[in-house]
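Student: I am new to this structure. Please take me through one part of it closely.

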Amino acid sequence: MIPGYLNYSHPRGQSVHVGICGSIAVYKALDLIRDFVHTEMRVSVSLTESATQFITPLTVKGLGAELVYTTMFSLKDVYAHLYPGIDPQVFLIAPATANMIAKLANGLADDIISCQALAFNGTILVAPAMNPRMWHNPITQENVSRLHRHSNIEIIYPDTGDVACGDSGTGRLAFHNEIYFRVLKSIAPKDMKGERVLITLGPTREFWDPVRFWSNPSSGKMGAALALSAWMRGADVTCVCGPSDIWLPCEIKKINVISAREMYQACIDLWKDFSLGCLSAAVCDFRPKEKMAHKFKKQTTNKGLVIEFSQNPDILQLLGQRKGKDQILIGFAAESQEDFIELAKVKLDKKNLDLIVANKINVPHSGFNSDQNEVVLVSRKGEVIRLQKMSKADVSWKIWDQIFKV
Ligand code: CTP
């Protein structure tokens with residue numbers, strides 16, 4: 001299931017047609033259907049005859065599919081082969097077998113899915129799943145390249161790993177989130193196309209000895225949601241990530257760092273090539289003055305421990321100082337005091353920002369590590385927008401909505 005912080009409202013009411021072919025990976029398509037239904041999207045499904053060897057129409061109906069097609073030849077709907085036709089929404093074929101890819105690449109239309117795909121006007125996402133030898137076969141590869149040349153067809157490339165038959169290699173259906181968000185991306189507005197977005201996310205770790213560090217509970221969820229939203233809206237996104245196991249789609253570039261100084265170096269090097277910066281990382285303001293080469297032994301002290309700290313660079317402030325006239329910079333302000341909006345305004349001015357996202361860190365089920373956030377957006381022009389508590393995904397969407405008004 002898609003984690004709560006990535007619950008988006010914008011796809012509600014939109015429709016996706018899922019074509020399922022005969023592969024052992026069909027069980028993964030069922031999870032995708034569940035997530036689309038959970039997102040309140042309208043789901044319809046077509047099953048090839050081979051797919052019905054693995055699952056029945058009742059299975060997908062039971063999961064919430066509104067319409068289920070298994071044949072082109074039914075008196076109930078003589079035009080089943082043309083569904084969803086000119087509806088400009090998305091058609092996902094997952095799992096797509098080597099056979100289906102060959103048919104699509106050659107314009108064959110002798111089963112319900114290949115026929116519907118040929119008659120479809122919108123984006124077709126093809127997620128292959130097959131044995132690695134079948135995937136690497138030059139004929140399959142040639143068919144995939146042929147599909148690639150069509151602007152309305154996108155391939156969601158298979159993963160590498162163990163496959164059901166016991167072989168290992170490339171051919172496993174792509175990871176669930178990767179497919180789910182490619183579908184959401186295909187129906188999202190592309191109002192951030194042409195933007196190059198730099199995002200920092202997660203905590204930093206400031207090591208004192210090889211096994212001990214200074215850090216904070218940041219999960220990177222807010223930054224990941226910002227990255228996904230910008231990517232879905234057409235931006236080219238790069239994330240500089242502090243240590244966290246947060247998932248990001250493969251089309252988002254990820255630079256992993258550990259300490260604040262590494263994050264600073266990465267951001268300073270990149271910033272001039274970006275049009276938008278959004279620094280959501282919870283950077284440690286201080287680091288232990290010394291980093292010991294060997295593990296500190298407790299026997300060396302019997303009077304407690306005093307560690308001296310040095311100040312880390314303020315990455316946001318330094319990017320603000322180097323901000324060009326066409327660049328936009330967004331920061332966060334994590335505050336625990338009542339006058340948090342005033343404190344955020346001070347940070348906005350001091351760091352030369354266009355927008356600041358103020359969050360009061362002691363609100364229950366909001367902020368650090370939570371799936372939701374309750375924030376106030378403050379713009380350079382002095383506009384104050386209070387957002388009610390919502391998923392981090394929706395907060396990030398609204399931040400980008402707001403930025404075009406700055
Ligand atoms: N930030 C940064 N580099 C730092 C500290 C903070 O880039 N060394 C960025 C954060 O990513 C965030 C913003 O600055 O976007 C504000 O961070 P916050 O912790 O709220 O405030 P600080 O500026 O560190 O000030 P203070 O801790 O005194 O509130």
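Student: Let us look at how the two domains meet. How many Å separate the centres of domain 1 and domain 2, taken over C-alpha atoms?

Tutor: Keep in mind that this is a predicted model. The centres of domain 1 and domain 2 are 37 Å apart, taken over C-alpha atoms. The domain assignment gives residues 4-186 to domain 1, and 196-293 + 302-403 to domain 2. Now turn to the contact. Domain 1 brings 14 residues to it, and domain 2 brings 19 residues. Together the two domains bury about 1500 Å². Carbon and sulfur atoms give 63% of that area. On the side of domain 1, look for Tyr-5, Tyr-8 and Lys-185. These supply 48% of the area that domain 1 buries against domain 2, more than any other three residues.

Lys-185 also has a charged partner. Its side chain meets that of Glu-251 in a salt bridge, at 3.3 Å from N to O. Across the interface of the two domains, the rule finds two salt bridges. Polar contacts link seven residue pairs between domain 1 and domain 2.

Next, a sheet. Eight strands form an open sheet with mixed pairing, in the order E13-E12-E9-E14-E17-E18-E20-E21. Strand E13 (253-256) and strand E21 (384-386) each have a single partner strand, so one side of each has no neighbour in the sheet. The twist averages 15° from one strand to the next. E13 pairs with strand E12 (residues 236-241) in the parallel sense, over four bridges. There, Ile-255 of E13 is the bridge partner of Val-240.

Methods. Residues numbered from 1 in each chain as written. Predicted model: local features only at pLDDT ≥ 70, side-chain atom pairs only at ≥ 80, totals over all residues. Heavy atoms only, no water. Pairing = 2+ DSSP bridges. Helix = DSSP H or I, 4+ residues; strand = E, 2+ residues; numbered from the N terminus. Axes fitted to C-alpha atoms, helices over the stretch in contact; angles between N-to-C directions. Domains from an automatic or database assignment. Contact = heavy atoms within 4.5 Å. Buried area = accessible area lost by both parts, 1.4 Å probe. Salt bridge = Lys/Arg side-chain N within 4 Å of Asp/Glu carboxyl O. Polar contact = N/O pair within 3.5 Å; in protein donor to acceptor, adjacent residues only side chain to side chain.
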